[in-house]
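Trainee: I should be grateful for a close look at one part of this model, with the rest brought in where it helps.

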Amino acid sequence: MLPAGPALGHPEQEILARLWRRPQTQTGWLSQVGLPSYQGSENGTVQAAEYRVWVRAPEHVRPVDGVDYDQAPPTG
């Protein structure tokens with residue numbers, strides 16, 4: 001979940017991302033997710049890319065119905 005930007009008139013946004021890891025820490029669960037992104041190449045074309053980031057669960061992520069998350073390691 002991307003936070004809302006009231007000053008700019010942007011509502012909260014939801015983005016589907018790939019879950020890579022999900023360790024539990026002393027302060028709660030974290031999720032390393034890969035967000036879809038794009039990058040420019042040297043020849044001027046645009047390539048699909050992925051931006052990985054750590055987010056707190058459940059504040060910033062939620063499971064997608066029907067998806068099995070057992071493949072993502074629960075440790076760092």
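Which element gives the most to the lining of the largest pocket, and with how many residues?

Mentor: Strand S3 gives the most to that lining, with 5 residues. Please keep in mind throughout that this is a predicted model.

Let us begin with the pocket itself. The space within the largest pocket amounts to about 760 Å³. Its lining gathers two or more residues from each of strand S1 (18–21), strand S3 (28–40) and strand S4 (46–57). In total, 30 residues line the largest pocket. Among these 30, Leu 19, Val 33, Val 61, Arg 62 and Tyr 69 are the ones nearest the centre of the pocket. As to the character of the lining, 22 of its residues are nonpolar, 3 are polar and 5 are charged. A general remark on method may help at this point. A probe the size of a water molecule, rolled over the atoms, reveals where empty space remains.

The pocket may now be placed within the chain. The protein chain contains 4 strands and 0 helices, and its pattern along the sequence reads β-β-β-β. Its radius of gyration is 15 Å, whereas the globule rule gives 11 Å for 76 residues; the chain is therefore more spread out than a compact globule. The C-alpha trace spans about 45 × 35 × 25 Å along the principal axes of the chain. Of the 76 residues in the protein chain, 9% are buried.

Next, consider the surroundings of Trp 20. Two arginine residues lie over the face of this ring: Arg 18 is at 3.9 Å from the ring centre, and Arg 52 is at 3.6 Å from the ring centre. As for pairs between aromatic rings, the structure holds 0 of them.

Strand S4 deserves a closer reading as well. Val 53 belongs to strand S4. With a relative accessibility of 25%, Val 53 is classed as partly exposed, because that class begins where the buried one, under 20%, ends. Between the C-alpha atoms of Val 53 and Pro 6 there is a separation of 24 Å, and the two residues are 47 apart along the chain.

The segment after S4 completes the picture. Pro 58 lies in this segment, and a cis peptide bond, with omega at about 10°, joins Ala 57 to Pro 58. Glu 59 is also found in the segment after S4. The relative accessible area of Glu 59 is 49%, and Glu 59 is therefore partly exposed, since exposed residues are those over 50%. Finally, Glu 59 may be related to Leu 19, one of the residues nearest the centre of the largest pocket. Their C-alpha atoms are separated by 15 Å, and 40 residues separate Glu 59 and Leu 19 along the chain.

Notes. Residues numbered from 1 in each chain as written. Predicted model: local features only at pLDDT ≥ 70, side-chain atom pairs only at ≥ 80, totals over all residues. Heavy atoms only, no water. Phe/Tyr/Trp six-rings, centres within 6.5 Å; stacked < 30°, edge-to-face > 60°. Lys NZ or Arg CZ within 6 Å of the ring centre and 35° of its normal. 1 Å grid on protein atoms, 1.4 Å probe; cavity = no way out; pocket = protein on both sides within 12 Å on 5 of 7 lines; lining within 4 Å. Points joined across faces, edges and corners; volume = space filled by probe spheres on them. Nonpolar A, V, L, I, M, F, W, Y, C, P; charged D, E, K, R; others polar. Rg over C-alpha atoms; globule rule 2.2 N^0.38 Å. Buried < 20%, exposed > 50% of the residue type's maximum accessible area, 1.4 Å probe, protein only.
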